[in-house]
Amino acid sequence: MSDKSFNAFAMAQAQFDKCADIIGLDTATRELLRYPMREYSFAIPIRMDDGQFKVFRGFRVQHNDARGPGKGGIRFHPLETIDTVRALAMWMTWKCSVVDIPLGGSKGGVVCDPHNLSLSEQERICRGWIRVLARDIGPLRDVPAPDVMTNAQHMLWMLDEFEAIHGAKYPGLITGKPVGMGGSLGRTEATGFGVVYTLREALKMLNIPIDKTIASVQGFGNVAQYAIRLYNQYGGKVICVACWHHHDQTAYTYRKMDGIDIDELLTITDKFGEIDKDKAKKLGYEVLPGEAWLTQDVDVLIPAALENQLTGENIKGISKRVKVIAEGANGPTTPEADKFIQERGIFIIPDFLANAGGVTCSYFEQVQCNMNFYWEKEEVLQKLDQKMTSAFISVAELAKERKLYMRDAAYVIAVNRVAQACRDRGWV
Ligand code: NAD
């Protein structure tokens with residue numbers, strides 16, 4: 001489905017350039033924001049369980065911290081590249097800005113595949129990543145979090161290593177920690193729920209009752225699972241999900257026309273968000289090719305897997321019925337696909353707005369850590385809903401007022417705030 005020559009950073013820069021033209025950004029600010037402020041690329045040598053040494057490549061990119069300490073996840077993926085991390089760091093800057101939280105943008109990663117690593121090997125990678133960066137990250141500098149194929153356990157190993165090096169407790173170093181170890185209730189749900197809070201608002205604006213809508217979802221990991229759960233609670237029906245099949249090295253779409261059953265599917269899904277194909281067949285799901293999720297006759301599409309999934313080519317295959325695309329993943333839509341979506345008049349909720357629930361809840365986690373007082377889940381989710389809804393309304397109103405594509409409107413708000421912070425600090 002994805003284009004092999006795709007470069008996420010080139011795409012992030014193209015989106016930024018378009019916004020810089022719209023707002024008439026001066027040359028120096030453009031130069032500053034077009035590239036990361038700092039980046040680290042390093043080796044993590046690990047003794048494997050069989051006694052052999054293996055060297056993994058690690059990255060951390062700090063795109064911009066004018067509005068506050070850097071914030072961004074750490075992704076474990078075999079195809080991770082420095083350019084992907086650069087793009088994700090840049091998107092983090094805009095994400096924190098669009099929801100107006102006092103944080104900058106960072107991102108990290110390790111080129112590895114946790115499918116083929118034991119837990120103790122993963123622990124050594126986490127500790128190795130921290131040993132390299134222990135002096136360049138921290139609660140007041142740059143705060144990591146989980147992303148694709150990393151979770152609360154990885155965060156706790158990283159925190160433990162950092163605290164051992166610095167000889168004190170620093171719960172604010174990292175977010176996405178386990179609840180009871182400085183984590184926030186609601187963090188697991190936050191990104192998926194946030195996607196659906198913005199989807200709910202978009203449908204309200206379009207006068208479409210959410211309980212009359214049907215959706216198709218790509219991905220069945222953290223973001224997708226919670227997005228589906230809340231969408232179902234609002235009465236929406238999901239007819240298919242697509243996910244990766246590690247053994248077959250391809251994706252499949254699992255479809256049930258009268259609606260997938262999230263609880264049933266979760267019983268046959270592993271921790272990487274992979275559905276057991278044979279068991280799904282036995283439960284009556286149709287198993288279709290990986291791209292089939294995109295061409296379904298639905299009102300809502302939720303790409304919630306990876307970047308570069310809606311391209312100039314495959315976007316032409318989407319149904320005329322599609323009214324809203326809510327981007328759960330980061331960077332799922334290429335600029336060519338954007339053009340088509342805009343011409344077709346489909347309402348898009350752009351990634352760094354739609355999936356900002358995760359970082360917003362991470363920010364709440366930091367606030368709770370600082371107070372050393374933890375809120376109930378209801379309170380966290382209510383605050384999250386408020387933040388997401390008000391960010392959505394600001395972007396949608398600007399889009400309407402200035403007749404902008406939703407992605408461009410979100411960029412205008414986010415980039416203006418960051419540019420202003422850079423100017424106020426006297427950087428440009
Ligand atoms: P995850 O690792 O929990 O799940 C990823 C899912 O995508 C899995 O079901 C996997 O099988 C599927 N997948 C991978 N490649 C695929 C392919 N080619 N076709 C179909 N399915 C495929 O990851 P996640 O945390 O749910 O993150 C998903 C996306 O959301 C990523 O782009 C991530 O950067 C973004 N995001 C995540 C968070 C968060 O809090 N987890 C926050 C913001 C953005």
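**A walk through the model, starting at T84**

T84 has its place in helix α3. Before we go on, keep in mind that you're looking at a predicted model. Is T84 buried or exposed? With a relative accessibility of 10%, T84 counts as buried, because the cut-off for that label is anything under 20%. The side chain of T84 makes a polar contact of 2.8 Å with the side chain of T81. Leaving out residues up to four places away in sequence, T84 also touches A8, R75 and E307.

Now zoom out to the helix that holds T84. Helix α3 covers residues 82–98, which is 17 residues. At 1.5 Å a residue it should span 24 Å, and its end C-alpha atoms are 24 Å apart, so expectation and model agree. How many of the residues of α3 are buried? The count is 15 of 17, so you can call this helix mostly covered, given that buried means under 20% relative accessible area. Just after α3 comes D100, which takes a positive phi of about 55°.

Helix α4 is another one to trace with your finger. It runs over residues 119–133, 15 residues in total. From its first C-alpha to its last it reaches 21 Å, close to the 21 Å expected at 1.5 Å a residue. Here's a handy bit of background: an α-helix has 3.6 residues a turn, so residues three or four places apart point the same way. The buried residues of α4 include E121, Q122, I125, C126, W129 and L133. And what covers the buried residues of α4? The cover includes the strands β1 (38–47), β2 (53–64), β3 (70–77), β4 (105–111) and β5 (142–146), along with helix α5 (152–166).

Next stop, the ligand. There are 26 residues around it, and R75, T191, F220, G273 and N330 come nearest. You've already met R75, one of the residues that T84 touches. By class, the shell around the ligand has 13 nonpolar, nine polar and four charged residues. Where do they come from? Helices α6 (187–205) and α7 (222–233) and strand β7 (237–245) each supply at least two residues of the shell. β7 gives the most, with three.

Look at the oxygen atoms of the ligand, too. One lies 2.8 Å from an N or O atom in the side chain of N330. An oxygen atom of the ligand is also 3.3 Å from an N or O atom in the side chain of R187, and a backbone N or O atom of G221 lies 3.3 Å from a ligand oxygen as well. How much of the ligand does the protein bury? On its own the ligand exposes 830 Å², and the protein buries 88% of that.

F220, one of the residues that come nearest to the ligand, leads us to T269. Setting aside residues up to four places away in sequence, T269 touches F220, Q225, E274 and I275. You'll find T269 in the loop between α8 (262–266) and α9 (277–282). Its relative accessible area is 16%, so T269 is buried even though it sits in a loop. A polar atom of the T269 side chain lies 2.6 Å from the backbone oxygen of L265.

Back to helix α6, where Y197 lies. With a relative accessible area of 5%, Y197 is buried. Not counting residues up to four places away in sequence, it touches L230, Y234, L381, L384, D385 and M388. Y197 and V98 are 99 residues apart along the chain, with 15 Å between their C-alpha atoms.

For a longer reach, try R402 in helix α13 (residues 377–402). R402 and H246 are 156 residues apart in sequence and 45 Å apart in space, C-alpha to C-alpha. R402 has a relative accessible area of 41%, so it counts as partly exposed. Apart from neighbours within four places in sequence, R402 is in contact with I22 and V412.

Let's finish with some backbone angles. Most residues other than glycine have a negative phi. N207, which is not a glycine, has a positive phi of about 60°. It's found in the loop between α6 and β6 (214–218), and at 68% relative accessibility it counts as exposed. N372 isn't a glycine either, and its phi is positive, about 55°. N372 belongs to the loop between α12 (357–371) and α13, and its relative accessibility of 62% makes it exposed.

Notes
Residues are numbered from 1 along each chain as its sequence is written. This is a predicted model: local features need pLDDT of at least 70, side-chain atom pairs count only at pLDDT 80 or more; totals for chains, interfaces and linings use all residues. Side-chain values use heavy atoms; hydrogens and water are left out. Helices (H or I, at least four residues) and strands (E, at least two) are DSSP runs, numbered from the N terminus. Buried means under 20% relative accessible area, exposed over 50%, partly exposed in between (1.4 Å probe, protein chains only). A polar contact is a pair of N or O atoms within 3.5 Å; within protein, one must be able to donate a hydrogen and the other to accept it, and residues adjacent in sequence count only if both atoms are side-chain atoms. Contact means heavy atoms within 4.5 Å. The expected span of a helix is 1.5 Å times one less than its number of residues. A residue is near a molecule or strand if one of its heavy atoms lies within 4 Å of it. Accessible areas come from the Shrake-Rupley method with a 1.4 Å probe; for residues, only the protein chains shown count as cover. Ala, Val, Leu, Ile, Met, Phe, Trp, Tyr, Cys and Pro count as nonpolar, Asp, Glu, Lys and Arg as charged, and the others, Gly among them, as polar.
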